[in-house]
Amino acid sequence: MSSKNRTLLLVFALVGLGASSVSTFVHYQLLTTPNYESFCDVGSQVNCTQAYLSRYGSFMGVPVAIGGVIFFAIAALLAGMAGRPSSPARDNAAGYIFLLSTVGLAFALYLAWASYFVLNVFCILCAITYVSVIALFIISGGATKYPM
């Protein structure tokens with residue numbers, strides 16, 4: 001994997017990690033702080049609160065953003081380890097990220113569908129994570145040493 005691909009994977013993993021972390025914070029604030037207003041609630045159509053507090057915002061009572069934090073943290077660790085010349089995972093990191101992002105892409109597409117077509121809202125933080133997952137999928141798929 002080229003250093004450009006490793007850098008891009010790390011950047012998108014960190015962007016997604018940041019957006020997922022902020023999403024988790026906002027979600028918990030909405031649940032625990034009365035009258036909390038999210039900074040990303042611009043109007044009725046651009047509204048993170050509606051997405052987070054909907055049935056699609058949590059899985060078994062746990063905000064789905066926590067899954068994003070875990071997903072992007074693992075992707076960032078893999079991309080970071082691939083940058084070390086002595087790392088045994090260096091040659092296979094793109095393949096691992098591709099496998100991980102394939103599952104992540106399925107979740108992102110499902111949540112995007114729910115947000116845009118079921119709830120009819122656009123969540124800025126959610127969109128950042130969707131773009132990050134798609135970028136990880138495309139970049140890692142192109143960087144893997146295995147033919148696709």
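This report describes the largest pocket, one buried serine and the cysteines of a predicted model.

## The largest pocket

The largest pocket encloses about 770 Å³ of space. Its lining is made up of 34 residues, and those nearest the centre are Val64, Ala65, Gly68, Phe107 and Leu111. Several elements give two or more residues to this lining: the helices H1, H2 (48-52), H3 (64-82), H4 (93-118) and H5 (124-143), together with the strands S1 (58-59) and S2 (62-63). The most is given by H4, which provides 9 residues.

Sorted by class, the lining of the largest pocket holds 23 nonpolar residues, 10 polar residues and 1 charged residue.

## Serine 20

Serine 20 belongs to helix H1, which covers residues 3-32. Serine 20 counts as buried because its relative accessibility is 2%, and buried means under 20%.

Leaving aside residues up to four places away in sequence, serine 20 touches Ala65, Gly68, Val69, Phe72 and Thr129. Ala65 and Gly68 also appear among the residues nearest the centre of the largest pocket.

## The cysteines

A disulfide is a covalent bond that joins the sulfur atoms of two cysteines. In the whole structure, the search finds 1 disulfide. Cysteine 40 and cysteine 48 form this bond, with their sulfur atoms 2.3 Å apart. Both cysteine 40 and cysteine 48 are buried.

Two further cysteines may be considered. Cysteine 123 has a relative accessibility of 1% and therefore counts as buried. Cysteine 126 has a relative accessible area of 12%, so this residue is buried as well.

Technical notes:
Residues numbered from 1 in each chain as written. Predicted model: local features only at pLDDT ≥ 70, side-chain atom pairs only at ≥ 80, totals over all residues. Heavy atoms only, no water. Helix = DSSP H or I, 4+ residues; strand = E, 2+ residues; numbered from the N terminus. Buried < 20%, exposed > 50% of the residue type's maximum accessible area, 1.4 Å probe, protein only. Contact = heavy atoms within 4.5 Å. 1 Å grid on protein atoms, 1.4 Å probe; cavity = no way out; pocket = protein on both sides within 12 Å on 5 of 7 lines; lining within 4 Å. Points joined across faces, edges and corners; volume = space filled by probe spheres on them. Nonpolar A, V, L, I, M, F, W, Y, C, P; charged D, E, K, R; others polar. Disulfide = S-S within 2.5 Å.
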